[in-house]
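Work through these exercises with the structure open. Each task is followed by a stepwise solution.

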Amino acid sequence: MKSFIANFEIYIALILLTGIGLLSSCVTDAEKYTVDYNKEVTGEIRATLTDAPLVPPRIEAKHNTKVIVELEIIEKTMRLADGVDYTFWTFGGKVPGKFIRVRQGDLVEFHLHNHPDNMLPHNIDLHAVTGPGGGAEASLIAPGKSAQFSFRALNQGLYVYHCATAPVGMHIANGMYGLILVEPLEGFPPVDHEFYVMQSEFYTTGRFGEKGHQDFDMQKALDERPDYVVMNGAVGASSGENAMKVKVGETVRLYMGNGGPNLVSSFHVIGEIFDKVYVEGGTLTNHDLQTTLVPAGGSAIAEFKCEVPGTLHLVDHSIFRAFNKGALAQIKVVGDENHKVFTGKEKEEVYLPEGSSIQSISSGKQTSSDEVIEEKTLEERLAAGKILYNQNCMACHMELGTGIAGTFPPLVNSDYLQALPDKGISVILNGLQGEILVNGEKFNNIMPAVSLNDDQVASILTYIHNNFDNGDGLIKAAEVKEWRNKK
Ligand code: HEC
Ligand SMILES: [Cu+2]
């Protein structure tokens, strides 16, 4: 009982203290985190705007100034994925919209233009604005009109902007979002590279990868079941040939936004650790993070140093989105190996516990052997084969079919493959183990059976025969089917 009373007194004291703390922090926080808007700004400059993954340079002036932003809304059809088009509604002609960079205390004079060729009225809601609708009402305009409004950037942060014209969800789903950075007047500490990456989803009438022009699917958007989750507006927009590039030893700051419209991103960089994150794009900093949540309509600023060479994968760690729906961007880090930080593979041996047999990597449903399949042209097989090869074979045989010496045999000009009477069908469908000789080099390893349908096997084999110098020719799905039936 005594201890209860003692604890009780402590509780009361604590409650009183927190109360006082809250009261005083109300006043000081407002002063601490927003600027004095009575202070005059001097001069004016025109904002430099950039498309992802580029970030505009910081404004160098030592004093606050008027920053004039001119942003044009353009409705246009562009690539969403290879062979897939979509009619995007954009801030500046690309998705995500132009990156805008101002400083805390700057006065932003915003000019929004709705291109005369557009079909619809639009506006802009900038989360960096203190004012009704973030500027939405002040900026609503029909095609062929411009609107102007001004706001004082009171709070530091990385803010999302988006269209807020009804139906709001549809305007956002069609690509109307971007980022505006309000950095401290003196700027952030310098880094070697700054990049702009924004995640978002697309809800299309056709499934992921279905060719042709795709329309917006309202029901899928309501169900929050996107076919595409992408970084920087399209599948592959900032990966592969479009990857961002840095050198070993350089520092990177990522301005990461999430346009939604629905999903929350578990933002992660495969191969790096965030040294510092401005949590949710604000002023709170956290350190040593693996994954940071980026809410729909929110952001994060993540910093790291690239100590070793290789390709970093920027993903939503809700991982099917990354590998099956497009939520992947890449940073290629070039330079010398640093074995003090990472050795690379030091050794590989066959690991074969007793009783194990060939594993199967399944890639979905098998085509039953009596299903009628349409044959494809050589061009179609090569195109489909490239994608399937990259998904199913590249991890071991490498993108260019070179393999890895001593472990994965080459598919380029392979005498082993060329000598197979079934052109390689059995290797894919049954797997392969035991010692083999490929172009004079011995391999003794295990290739798991890869379960693909007849059509897919035909495309992959056509691709590796034609592209990797194993003689040309078209392999038909019917041949694969025949092989299966014979078995
Ligand atoms: C998990 C790694 C792995 C994957 C994935 C894989 N392979 Fe292999 N592949 C191997 C290994 C290991 C061997 C050699 C097996 C042995 O030593 O007997 C091999 C052998 C082969 C060979 C015969 C040797 C040669 O170089 O000509 C062919 C052809 C082949 N693979 C094609 C493919 C194709 C096509 C795919 C994709 C559908 C694929 N592989 C996926 C690991 C893999
Ligand atoms: Cu709009």
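Three exercises follow, on a ligand shell, the cores and a strand.

This is a predicted model: local features need pLDDT of at least 70, side-chain atom pairs count only at pLDDT 80 or more, and totals for chains, interfaces and linings use all residues. Residues are numbered from 1 along each chain as its sequence is written, and chains are lettered from A and ligands numbered from 1 in the order in which they are written.

**Exercise 1.** Describe the shell around ligand 1 by class and by nearest residues.

Step 1. Take the residues around the ligand (C-beta atom, placed from the backbone, within 6 Å). There are 29 around ligand 1; Cys393, Cys396, Pro409, Ser414 and Met447 come nearest.

Step 2. Sort by class, with Ala, Val, Leu, Ile, Met, Phe, Trp, Tyr, Cys and Pro as nonpolar, Asp, Glu, Lys and Arg as charged, and the others, Gly among them, as polar. The shell has 21 nonpolar, 8 polar and no charged residues.

**Exercise 2.** Find the largest nonpolar core and the domains it draws on.

Step 1. Join buried Ala, Val, Leu, Ile, Met, Phe, Trp, Tyr and Cys residues through C-beta atoms within 7 Å. Buried means 20 or more other C-beta atoms within 10 Å of the residue's own, all placed from the backbone.

Step 2. The largest such core has 80 residues; Tyr159 and Val197 are among those with the most contacts inside it. Domain 1 (44–183) and domain 2 (193–334) each give at least three residues; the bounds come from an automatic or database domain assignment.

Step 3. Apart from this core lies another of 19 residues, including Leu388 and Val457.

**Exercise 3.** Which residues of strand S4 are buried, and how does S4 pair with strand S9?

Step 1. Strands are DSSP runs (E, at least two residues), numbered from the N terminus. In S4 (residues 100–103), Ile100 and Val102 are buried on one side, Arg101 and Arg103 on the other.

Step 2. Pairing requires at least two DSSP bridges. S4 and S9 (residues 177–183) have 4, in the parallel sense. Arginine 101 has leucine 181 as its bridge partner in S9.

Methods: A residue is buried if 20 or more other C-beta atoms lie within 10 Å of its own, exposed if 12 or fewer, and partly exposed in between; C-beta atoms are placed from the backbone.
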